[in-house]
Amino acid sequence: MATLRVNVDGLDFPNPFVIGSGPPSTNAKIMCKAFAAGWGGVVAKTTALTDTEVVNVQPRYGKLKLDKTTVGFENIELISDATFEDWERWYRETKDAYPDRILIGSIMESFDKGRWQELAGRCIEAGCDALELNFSCPHGHPEKGMGAAMGQDPERVETVTRWVVEAAGGAPVWSKMTPNITDITVPAAAAQRGGAQGVAAINTILSCVGINPRTLKPMPTVQGHSTYGGYSYTAVKPIALRMVSEIARALPGFSISGIGGVTTSWDAAEFIMLGANTVQSCTGPMLHGFGMVTELQEGLLAVMEKHGFDTIEDMRGHAIPALTTHHHLVELQQEARARKEEKKRFRDKEWGEKDIKDAAAKLVSD
Ligand SMILES: Cc1cc2nc3c(=O)[nH]c(=O)nc-3n(C[C@H](O)[C@H](O)[C@H](O)COP(=O)(O)O)c2cc1C
């Protein structure tokens, strides 16, 4: 009998489905709603120490639609605008209400050891089971070297991860990777050297979602202007799958929380078969509601049972050995063709196996 229960870095998840950091985890009330619906874990909305100024704009989202269906989603939302003291209360309330679920604090700071260590220590003290380090917000606070600006610098990823691991008192640490980089395995390896138990991948892809056909301004439009934002949802899934599998191939055994465009159980199965041991979704619940976790659970169990996987760990990475280089694909195809040709070749020992006239006909030129 297949089970969705999975132990990742000592964290006992009742199922591998985790809310990705963002609006569906932006205070205690909404995190509790996610747990009530059945999500196994929640990564809280990213927070910094209270003196980091966070001023959001409105509107801050944009959709890419094909006919009437949304396929891509862009946001220019910043990290949480609540105080860190609010967050300490919210972590406690959420963990007290759902002690059997996994609560992961998401933190982001400037390149300052004291600030990262203070945040990490206070999150754990307030009840977080683990920490996710936001090295990946593509649009917020780059002027302070925060988010993706830090995630694009492997030395900083390693150093900051080490600071946080030191302060986390043994709680697992996942570094969240930016996809806005040529080779995602470089910062992932840096996080591993820094002592992280795993990575979360991917955050959003820097984008311009389109032009408003009426105003002719880029969207989302604020006072006639816009800025590049983070792209998510279905359209990014192929890129996220590629990056998750690249990390899994480069760093076997390292935990990976796969994110990017998950809305169905099959999407989740794909992430797991390409190396993830938990799967996050953020835009999915924003557009479909927390109830989508019912299909995620039932559908994933059905896939596991159909293909004979008893556990997530059995299923994890199943498709990876089938990934290779284009050069190798050409070789494999040439070998297969040669084997087919070889089968077609007529040999003397075949005389007498069939009617002599059919054998002779096979050797006559057209
Ligand atoms: C509106 C919005 C806000 C987000 N805020 C955060 C955040 O505060 N911290 C973070 O690490 N990721 C944040 N993300 C990124 C998501 O956690 C996730 O990595 C990304 O959206 C890809 O997954 P998805 O396609 O399931 O949304 C945000 C995404 C959206 C759409």
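Q: Two residues are in contact if their C-beta atoms, placed from the backbone, lie within 7 Å. In this predicted model, what percentage of the contacts with a separation of 6 or more comes from residues 24 or more positions apart?
A: Among the contacts in the protein with a separation of 6 or more, 72% are made by residues that stand 24 or more positions apart.

Q: Why is phenylalanine 13 called buried?
A: A residue is buried if 20 or more other C-beta atoms lie within 10 Å of its own, and phenylalanine 13 has 22 of them within that distance, so it counts as buried. The residue sits in strand E2, which covers residues 11-13.

Q: Which residues are in contact with phenylalanine 13, leaving aside its neighbours within four places in sequence?
A: The residues in contact with phenylalanine 13 are Arg5, Val6, Val8, Gly40, Gly41, Ile102 and Thr278. For isoleucine 102, the C-alpha atom is 6.4 Å from that of phenylalanine 13, although the two residues are 89 places apart in sequence.

Q: Does aspartate 67 count as buried or exposed, and what makes it so?
A: The cut-off for an exposed residue is 12 or fewer C-beta atoms within 10 Å, and aspartate 67 has 5 such neighbours, so it is exposed. Aspartate 67 belongs to the loop between strand E5 (61-66) and E6, and its phi is positive, about 55°, although it is not a glycine.

Q: Does leucine 216 count as buried or exposed, and what makes it so?
A: With 8 C-beta neighbours inside 10 Å, set against the limit of 12 or fewer, leucine 216 is therefore exposed. Its place is in the loop between E11 and E12, and leucine 216 too is a residue other than glycine with a positive phi, here about 60°.

Q: What sort of peptide bond joins alanine 201 and isoleucine 202?
A: The bond between alanine 201 and isoleucine 202 is cis, with an omega of about 15°, and isoleucine 202 lies in the loop between E10 and strand E11 (205-207). The bond from methionine 219 to proline 220 is cis as well, its omega being near -10°, and proline 220 is found in the loop between E11 and E12.

Q: Why are E8 and E9 said to pair?
A: Two strands pair if at least two bridges are found between them, and strand E8 (residues 130-134) has 4 bridges to E9, so the two strands pair, in the parallel sense. One of the bridge partners is tryptophan 174 in E9, which is matched with glutamate 132.

Q: How many bridges join E9 to E10?
A: There are 3 bridges between E9 and E10, set against the required minimum of at least two, so these strands also count as paired, and they run parallel. Here tryptophan 174 stands opposite glycine 198 in E10.

Q: Which residues show that both faces of E9 are covered?
A: In a regular strand the side chains alternate between the two faces of the sheet. In E9, Val173 and Ser175 are on one side, Trp174 and Lys176 are on the other, and all of them are buried.

Q: Which residues of helix H6 are buried, and against what do they pack?
A: In helix H6 (residues 185-193) the buried residues are Pro187, Ala188, Ala190, Ala191 and Gln192. They pack against several elements, including helix H5 (154-167), strand E9 (173-176) and helix H7 (237-250). After H6 comes glycine 195, with a positive phi near 105°.

Q: Which members of the largest nonpolar core touch the most other members?
A: The core has 92 residues, and those touching the most other members are Val42, Leu131, Val164, Val199, Ala201 and Val244. Not counting residues up to four places away in sequence, the residues that leucine 131 touches include Ile104, Ile107, Val164 and Val173.

Q: Which residues come nearest to the ligand?
A: Of the 28 residues around the ligand, the nearest are Gly20, Gly22, Ser232, Cys282 and Thr283. By class, this shell holds 9 nonpolar, 16 polar and 3 charged residues.

Q: How many domains is the protein divided into, and what separates their centres?
A: The division is into domain 1 (6-318) and domain 2 (326-362), and their centres, taken over C-alpha atoms, are 53 Å apart.

How values were computed. Residues numbered from 1 in each chain as written. Predicted model: local features only at pLDDT ≥ 70, side-chain atom pairs only at ≥ 80, totals over all residues. Near = placed C-beta within 6 Å. Nonpolar A, V, L, I, M, F, W, Y, C, P; charged D, E, K, R; others polar. Domains from an automatic or database assignment. Core = buried A, V, L, I, M, F, W, Y, C linked by C-beta atoms within 7 Å.
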